[in-house]
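Biologist: I am new to this structure and would like to go through it slowly. Could you show it to me before we begin?

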Amino acid sequence: MATVPTNVAHSGNPASPWPRPVPELRAGDRLSRAEFERRYEAMPHVKKAELVEGVVYMPSPVTFEDHGKPHFRLVGWLGYYESATPGVEGGDNTTLRLDLDNEPQPDAFLRIRPELGGQSRDSGKYVAGPPELIAEVTASSVSYDLHDKFRAYQRNGVREYVVWRVEDRAIDWFVLREDRYAPLAADAAGWYRSEVFPGLWLDAAAMLGGDLARVIAVVQQGVNSAEHAEFVQRLRSGAANA
């Protein structure tokens, strides 16, 4: 008995026994979020595709030096913070349902659990709504990460956006202020200190220089601070955003 391939759908004619193939996902397609998900799920061999402002993006395979290594370091930094902060969790290359035109797959994100006052929510196997912080690794300032994605994250209320521009050897940290992103200023030591996640501190020079031990030592100081202890207490009371 013949089997029906997994990447086909019914033709729409109840009298027809023949299935209709699901169209392939292609970069540049303009799709609804529902149609994007339908095509993406029918192509399990595709590892990364994003819907940004209604347009499909399918990034090329990534190199170790320009993406894999910095991505790994970002995740290690955020993972350390998560391990010390009950009620906060992160994701790596996870699809987010932001709105009807945007379903990105950011390199990393950090969120407060919804039951503890976070602004995202669980939607079946997806995360829906904006996590509090998103981090991306990009080539330079001309990337869509700092244009279309920037606008989508801003409009949807992602409260902090961290972008590592590898070719430019720079890290930008944006904070949402009155519905617009503004650059977060580093302190006198050159460290960024998150306004949403107390104790999430970043020595940008150490991160750019590949000194992960120094990066972890700085965030360790952050999670040992009084402000982090107060944040954890507020999380435990379920009032993180009060």
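Modeller: Please keep in mind that this is a predicted model. We can begin with Leu 200, which, when residues up to four places away in sequence are not counted, touches Trp 77, Leu 78 and Tyr 81, among others.

Biologist: Which residues have the most contacts inside the largest nonpolar core?

Modeller: The largest nonpolar core has 33 residues, and helix H2 (64-83), strand S10 (133-138) and strand S12 (170-177) are among the elements that each supply at least two residues of it. Apart from this core lies another, of 13 residues, which includes Ile 134 and Phe 174. Inside the largest core, the residues with the most contacts are Trp 77, Tyr 81, Leu 133, Ile 171, Trp 173, Phe 197 and Leu 200.

Biologist: Within what arc do the buried residues of H2 fall, seen down its axis?

Modeller: The buried residues of H2 include His 67, His 71, Leu 74, Trp 77, Leu 78 and Tyr 81, whereas Phe 64, Phe 72 and Ser 83 are exposed on the face turned away from the buried side. An α-helix has 3.6 residues a turn, so residues three or four places apart point the same way. In H2 the buried residues line one face of the helix, because, seen down the axis, they fall within an arc of 165°.

Biologist: Is Arg 165 buried or exposed?

Modeller: Arg 165 has its place in strand S11 (residues 160-165), and its side chain makes a polar contact of 2.8 Å with the side chain of Asp 168. Leaving aside neighbours within four places in sequence, Arg 165 is in contact with residues including Thr 138, Leu 146 and Asp 172. Its relative accessible area is 15%, and since the cut-off for that class is under 20%, Arg 165 counts as buried.

Biologist: Which strands stand at the edges of the open sheet with the order S6-S9-S8?

Modeller: This open sheet has three strands with mixed pairing, and strands S8 and S9 (residues 126-128) run antiparallel, joined by three bridges. Within that pair, Arg 121 has Ala 128 in S9 as its bridge partner. A strand with a single partner has one side left without a neighbour in the sheet, so the strands at the edges are S6 (96-97) and S8 (121-123).

Biologist: At the start of H2, which backbone nitrogen does a side-chain oxygen of Thr 63 reach?

Modeller: The side-chain oxygen of Thr 63 comes to within 3.3 Å of its partner at the start of this helix. That partner is the backbone nitrogen of Asp 66.

Definitions and conventions
Residues numbered from 1 in each chain as written. Predicted model: local features only at pLDDT ≥ 70, side-chain atom pairs only at ≥ 80, totals over all residues. Heavy atoms only, no water. Helix = DSSP H or I, 4+ residues; strand = E, 2+ residues; numbered from the N terminus. Buried < 20%, exposed > 50% of the residue type's maximum accessible area, 1.4 Å probe, protein only. Polar contact = N/O pair within 3.5 Å; in protein donor to acceptor, adjacent residues only side chain to side chain. Contact = heavy atoms within 4.5 Å. Pairing = 2+ DSSP bridges. Core = buried A, V, L, I, M, F, W, Y, C linked by side-chain atoms within 4.5 Å. Arc of directions from axis to C-beta.
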